[in-house]
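Here are my notes on the model you sent over. Keep the structure open beside you and look up each residue as you go.

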Amino acid sequence: PDRAYFRDRVDLTWNPTAAIVVEILSPDDEARRKLGFYFRAGVEEVLIVEPDVRAVEWLVRGGDAFEPA
């Protein structure tokens with residue numbers, strides 16, 4: 001991800017799963033292909049930023065995949 005936010009950072013040598021991941025799209029970016037990985041890793045929310053069209057897509061965990069918030 002381009003940025004990740006964590007709830008707590010107890011041990012500096014190991015990072016728990018991020019609560020929120022931010023992906024900033026660039027040409028030929030593969031951010032959406034990473035959604036399954038993020039879901040399996042336990043990430044709670046994903047923000048996909050599209051600077052070219054000035055848009056943000058906010059996704060939250062659903063039953064078996066991320067869904068729009």
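**Notes on the model**

1. **What you're looking at.** First things first: this is a predicted model. The protein chain has one helix and five strands. Read from the N terminus, the order of its elements is β-β-α-β-β-β, so keep that pattern in mind as you trace the chain, with helices and strands numbered from the N terminus.

2. **The overall numbers.** The chain has 69 residues, and 26% of them count as buried. Its accessible surface is about 5200 Å², with 51% of that belonging to carbon and sulfur atoms. Now take the contacts in the chain with a separation of 6 or more: 31% of them are between residues 24 or more positions apart.

3. **The nonpolar core.** Which residues make up the largest nonpolar core? There are twelve: Ala18, Val21, Leu25, Ala31, Leu35, Tyr38, Phe39, Val43, Val46, Ile48, Leu59 and Phe66. Helix 1 and strand 3 are the elements that give two or more residues to this core. Helix 1 gives the most, with three residues. Try colouring these twelve residues and you'll have a handy map for the points below.

4. **Two aromatic pairs.** The model has two aromatic pairs. In one, the ring centres of Phe37 and Tyr38 are 5.9 Å apart and the planes meet at 55°, so this pair counts as tilted. Are these two residues buried or exposed? Phe37 is exposed, because its relative accessible area is 52% and the cut-off is over 50%. Tyr38, on the other hand, is buried, with a relative accessible area of 5%. The other pair is Phe39 with Phe66, and this one is edge-to-face: the centres are 5.4 Å apart and the angle between the planes is 90°. Phe39 sits in helix 1 and Phe66 in strand 5 (residues 66-68), so this pair ties together parts that are 27 residues apart in sequence. Both Phe39 and Phe66 are buried.

5. **More around Phe39 and Tyr38.** Have a look at Arg61 too: its charged end sits over the ring of Phe39, 3.8 Å from the ring's centre. Arg61 also turns up among the contacts of Tyr38. If you skip neighbours within four places in sequence, Tyr38 is in contact with Pro1, Val21, Glu23, Val43, Val46, Arg61 and Phe66.

6. **Glu45 and its partners.** Glu45 lies in strand 3. What does its side chain make a polar contact with? The partner is the side chain of Trp58, at 2.6 Å. Leaving out neighbours within four places in sequence, Glu45 is in contact with Ala19, Ile20, Val21, Trp58, Leu59, Val60 and Phe66. Three names there should ring a bell: Val21, Leu59 and Phe66 are also listed in the core.

7. **Two glycines to check.** Gly36 lies in helix 1, which covers residues 35-41. Gly36 is partly exposed, because its relative accessible area of 32% is neither under 20% nor over 50%. Its C-alpha atom is 7.3 Å from that of Ala65, although the two residues are 29 apart along the chain. Gly62 is in the loop between strand 4 and strand 5. From Gly62 to Phe39 is 23 residues in sequence and 9.3 Å in space, C-alpha to C-alpha. Not counting residues up to four places away in sequence, Gly62 touches Phe39 and Glu67.

8. **Two positive phi angles.** Which loop holds Asp28? Asp28 is in the loop between strand 2 (20-24) and helix 1. Asp28 isn't a glycine, yet it has a positive phi of about 60°. Arg54 has a positive phi as well, about 55°, and isn't a glycine either. You'll find Arg54 in the loop between strand 3 (45-50) and strand 4 (55-61). As for accessibility, Asp28 is exposed, with a relative accessible area of 78%, and Arg54 is exposed with a value of 79%.

Key. Residues are numbered from 1 along each chain as its sequence is written. This is a predicted model: local features need pLDDT of at least 70, side-chain atom pairs count only at pLDDT 80 or more; totals for chains, interfaces and linings use all residues. Side-chain values use heavy atoms; hydrogens and water are left out. Helices (H or I, at least four residues) and strands (E, at least two) are DSSP runs, numbered from the N terminus. Buried means under 20% relative accessible area, exposed over 50%, partly exposed in between (1.4 Å probe, protein chains only). Contact means heavy atoms within 4.5 Å. Accessible areas come from the Shrake-Rupley method with a 1.4 Å probe; for residues, only the protein chains shown count as cover. A polar contact is a pair of N or O atoms within 3.5 Å; within protein, one must be able to donate a hydrogen and the other to accept it, and residues adjacent in sequence count only if both atoms are side-chain atoms. Rings of Phe, Tyr and Trp (its six-membered ring) pair if their centres lie within 6.5 Å; planes under 30 degrees apart count as stacked, over 60 as edge-to-face and the rest as tilted. A charge sits over a ring if NZ of Lys or CZ of Arg is within 6 Å of the ring centre and within 35 degrees of the ring normal. A nonpolar core is a set of buried Ala, Val, Leu, Ile, Met, Phe, Trp, Tyr and Cys residues joined through side-chain atoms within 4.5 Å.
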